[in-house]
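Trainee: Before we begin, I would like to go through the terms used for this model one by one, asking each time what justifies the word.

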Amino acid sequence: LKVDSGLGRGGALPGDWQRLVDQAAAAQSAGHLDVTGVWSHLARSNEPGHPSIAAQTATFDAAVAYANSAGLEPCHVHLANSGGALASPDTWFTMVRPGIAIYGVTPFPDGASPVELVPAMTLRATVALAKRAPAGLGVSYGHTYTTERETTLALVPLGYGDGIPRHASGRGPVLVGGQRFRIAGRVCMDQFVLDVGDAAVHAGDVAVLFGRADRGEPTAYDWAVAADTIGYEIVTRLGARVSRTYVGEVAR
Ligand SMILES: Cc1ncc(COP(=O)(O)O)c(C=O)c1O
């Protein structure tokens, strides 16, 4: 049974909770169902200490207490998502439901985390083309970027059709050959361009869009900042054309 403790989304509002619990308890007594869980979801767990967390926890506590008083003994009682699991122990109950933390990406808007998170996901592509270009060349749709001097342009075959945010045009960070570059000009449907200067970048080189900071790679958080969004959107929006390779424990 889900109580809406203050997110204003799914679940029964506190004013409807007693009726829901009473009916569920009656249905359970009649052998029609077993209530195995009571749960709710936090609105602002990515703001540790925000008063809404304590308020929702108190509302949830009261809802669980009412369910118990009605004879329900759910074994799963859960409220916390990643923010709660990482920073608000009062929200833990019998289990937690981390989503973004499982990706190793922080839910907190400043990019920090009280518990070290290791990104589980790396997005790589292979440079499709690298060519010398003269100064003054307009790059990609709308020519929002122009080369300042003779340079090398590298074409990376990922675009908004794959889930690369077009909003990251001119900003998205990419690591090639140990050097970090920013997208030059607009992200297209299937590709974008890097201006790599005089770096020795060639077709076939690996371009890392996001991965692990401890390997010098940009992170999903860096992309979230570049695209004016949240890390959640960066790691979940990749399309079907991006092939997934599972490594480590999950690969076995
Ligand atoms: C009901 C519910 N529980 C848990 C989560 C996981 O949240 P997070 O990714 O912030 O840990 C979500 C995320 O959408 C959710 O909707």
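Trainee: What makes the pairing of Arg19 with Asp16 a salt bridge?

Mentor: This is a predicted model, and in it the closest N and O atoms of Arg19 and Asp16 are 3.8 Å apart. The cut-off between a side-chain nitrogen of Arg and a carboxyl oxygen of Asp is 4 Å, so the pair qualifies as a salt bridge. Side chains of opposite charge can pair when their charged atoms come close. Both residues belong to helix α1 (residues 14-29), where they are 3 residues apart, about one turn of the helix.

Trainee: How many salt bridges does a search of the whole structure find?

Mentor: The search finds 11 salt bridges.

Trainee: Turning to the ligand, how do you know that a polar side-chain atom of Ser82 makes a polar contact with an oxygen atom of the ligand?

Mentor: The two atoms lie 2.4 Å apart, and because the limit for a pair of N or O atoms is 3.5 Å, this counts as a polar contact. By the same limit, the side chain of Arg9 qualifies, because one of its N or O atoms is 2.9 Å from an oxygen atom of the ligand. Ile100 contributes a backbone N or O atom, 2.8 Å from a ligand oxygen, and therefore qualifies too. Taken alone the ligand exposes 400 Å², and the protein buries 73% of that.

Trainee: Which residues make up the shell, and how do they divide into nonpolar, polar and charged?

Mentor: Among them are Trp39, His41, Asn81 and Tyr232, and the shell divides into 4 nonpolar, 4 polar and 2 charged residues.

Key. Residues numbered from 1 in each chain as written. Predicted model: local features only at pLDDT ≥ 70, side-chain atom pairs only at ≥ 80, totals over all residues. Heavy atoms only, no water. Near = heavy atom within 4 Å. Polar contact = N/O pair within 3.5 Å; in protein donor to acceptor, adjacent residues only side chain to side chain. Areas by Shrake-Rupley, 256 points an atom, 1.4 Å probe, with all protein chains shown as cover. Nonpolar A, V, L, I, M, F, W, Y, C, P; charged D, E, K, R; others polar. Helix = DSSP H or I, 4+ residues; strand = E, 2+ residues; numbered from the N terminus.
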